[in-house]
Amino acid sequence: MTRYEARPPRGDRPLAVLGISDVVVIEGTPSVPVTMHHVSAWGRWVRDVAVPDAAPDLIRVLAQRYEVVWASEWGHNAHTAFAEALGLPAEPWPFLPVQFDKLAVIRDYARGLPWVWIDGPVVDLHDPGEVEDGVIVRVDPSCGIAGVDLDALDAAVRGIVR
Amino acid sequence: MDTGTAYGLRQGAPLYDLAQVGPGTPYGEVLRRYWQPVALVENATTRPARVRVLGEELILFRTRKGVPALLHPRCIHRGASLFYGGVEDEGIRCCYHGWVFDPEGVCLEQPCEPELGLHRDRVRQPWYPVQEQYGLIWVYMGPPEKKPVLPRYDTFEDLPDGEQLIVNDAGVGGGGPAELDFNWLQHWENVMDPFHVPILHARFSGNQFTPEMAVIPEVSYEYTPTGVRSIQMRGLGDGRRLRRVTEVMFPNLRVVPSPKLASGQTNMIGWVVPEDDTNFRIFTVARDEDPAFLAKLRSTHEGKAWKDLTDAEHQRLPGDYECQKSQGPISLHSDDHLTTTDQGVAMVRRMMAKQTKVVAQGGDPVGLVFDPADALVRIDGGNYFEGAPDAPLLADAVED
């Protein structure tokens, strides 16, 4: 172990791998209601970010069905910084500190578990192509996770499990 | 059993899409959409000079009538380099068979051909548009139909009496030689890494700037319409707070106010211009009363200039150059562990990735100006002191 190794998945449910930017943070003009949040972690830095109003409920429901894993350039700050804005549990979810072309890292982490990866299009410097072991969801950056249909997501993941 | 040993280490890879600058590379195409400084105006003379920029070699000269030019080096006739050409009133004459090209590559003469070249108007020496501004030669190397206006910057306009523009190509802010021998991105993204300042430039290597800069700041990061900004707040312990605003502006500008804490809007801007993937120069323009202002900005290391340090002193007193050069010819970005202090770096990379996609899809990256009426760009970077206006700088107090 020389690179960071995330806490391994529990293994009792599929993984929902979430980016931050474009997913729970809207960087451009939003097409859904958003609220500005002053986020930080441990006080050294702050950012004012727009979070879709629908995000807390969607992520709460997602966390009931999946093990949520952050995969972003926010690293270990992700959970702490967004805990209040998203109503997250106190115990941080695992995180994968990766900014671009995340597929290999996600597969390595999933260890054969089915997974869904929800992210914005900017992270794909190279096309991840078609996958069979998981589901890739690319959100509209103007609405982020607020545009994700969780029932459709469940159906797609069930298709992997079968 | 030992764990975490280097045995079998598999190293990561650079973010080539962001780091590489040659023709056809994702960020190279972004860089080509903007005017780039390539030389001091005094270096464009009647003696041809080789200039390497964005992975392309060009020949810089100034006609005897005073017009600067940048031409592709390989003569379109038989390939001899125009570096050996002779500059004339209207252009440059190839040494091999005497073809003459003007600053826009128009072939004016083919002396061995009938009537000086019956078909000379059917060929063209590849060239790039050039302008002179702020003491620099600027080139536009992008698609001709997308050529923007060369911007001006408010901090360099309407100079007060006594101030003058100063220009420097010797690596101001690089902490090393004039020509920096590693990938340009390692330097540029460092501008959005204010947390290295109190560590590298203070605790580790002694105060290379001022005592204020040794204070670990609380940093607010934000995207701007043209880049990324960090606002660094430092309590100075005397009732004042220092609000230091630094910016990267796309595609490669560094807006870093004086680390020696001159107050107010920054008086200088730097352009981090890649020569190729592993070499770059920093062109800096400043305004000040002292013509040696930029030269004096160079940090000293226990009183010694960087170039005079021994190897042992480089180890004991490292600065930006030692850190950024040692990241590698092109850093292995996928091996980075971005964390609390790296918000700004991550934002820069993300905004770069966005621009590569915009350009690849035929759009315009941020900050381009096409209407001359909009050519004046506002600069917000600076050092701003809040509270207790008459309190001296810590540096002054120390000197007292």
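Two strands pair if DSSP finds at least two bridges between them. Strands (E, at least two residues) and helices (H or I, at least four) are DSSP runs, numbered from the N terminus.

This is a predicted model: local features need pLDDT of at least 70, side-chain atom pairs count only at pLDDT 80 or more, and totals for chains, interfaces and linings use all residues. Residues are numbered from 1 along each chain as its sequence is written, and chains are lettered from A and ligands numbered from 1 in the order in which they are written.

**Stop 1: the strand pair.** Select strand 3 (residues 45-52) of chain A and strand 14 of chain B. Two bridges join them, and they run parallel. Now pick Val46(A). Opposite stands Ser220(B), in strand 14 of chain B.

**Stop 2: the chain contact.** Widen the selection to 22 residues from chain A and 23 residues from chain B. Residues are in contact here if their C-beta atoms, placed from the backbone, lie within 7 Å. On chain B, strand 14 (218-224) and helix 8 (343-360) each supply at least two residues. Helix 8 of chain B gives the most, with seven residues. Colour this side of chain B by class: eight residues are nonpolar, eight polar and seven charged. Ala, Val, Leu, Ile, Met, Phe, Trp, Tyr, Cys and Pro count as nonpolar, Asp, Glu, Lys and Arg as charged, the others, Gly among them, as polar.

**Stop 3: inside chain B.** Select domain 1 (35-131), then domain 2 (148-390). The bounds come from an automatic or database domain assignment. Their C-alpha centres lie 35 Å apart. Each domain of chain B puts 10 residues into the contact.

How values were computed
Contact = placed C-beta atoms within 7 Å.
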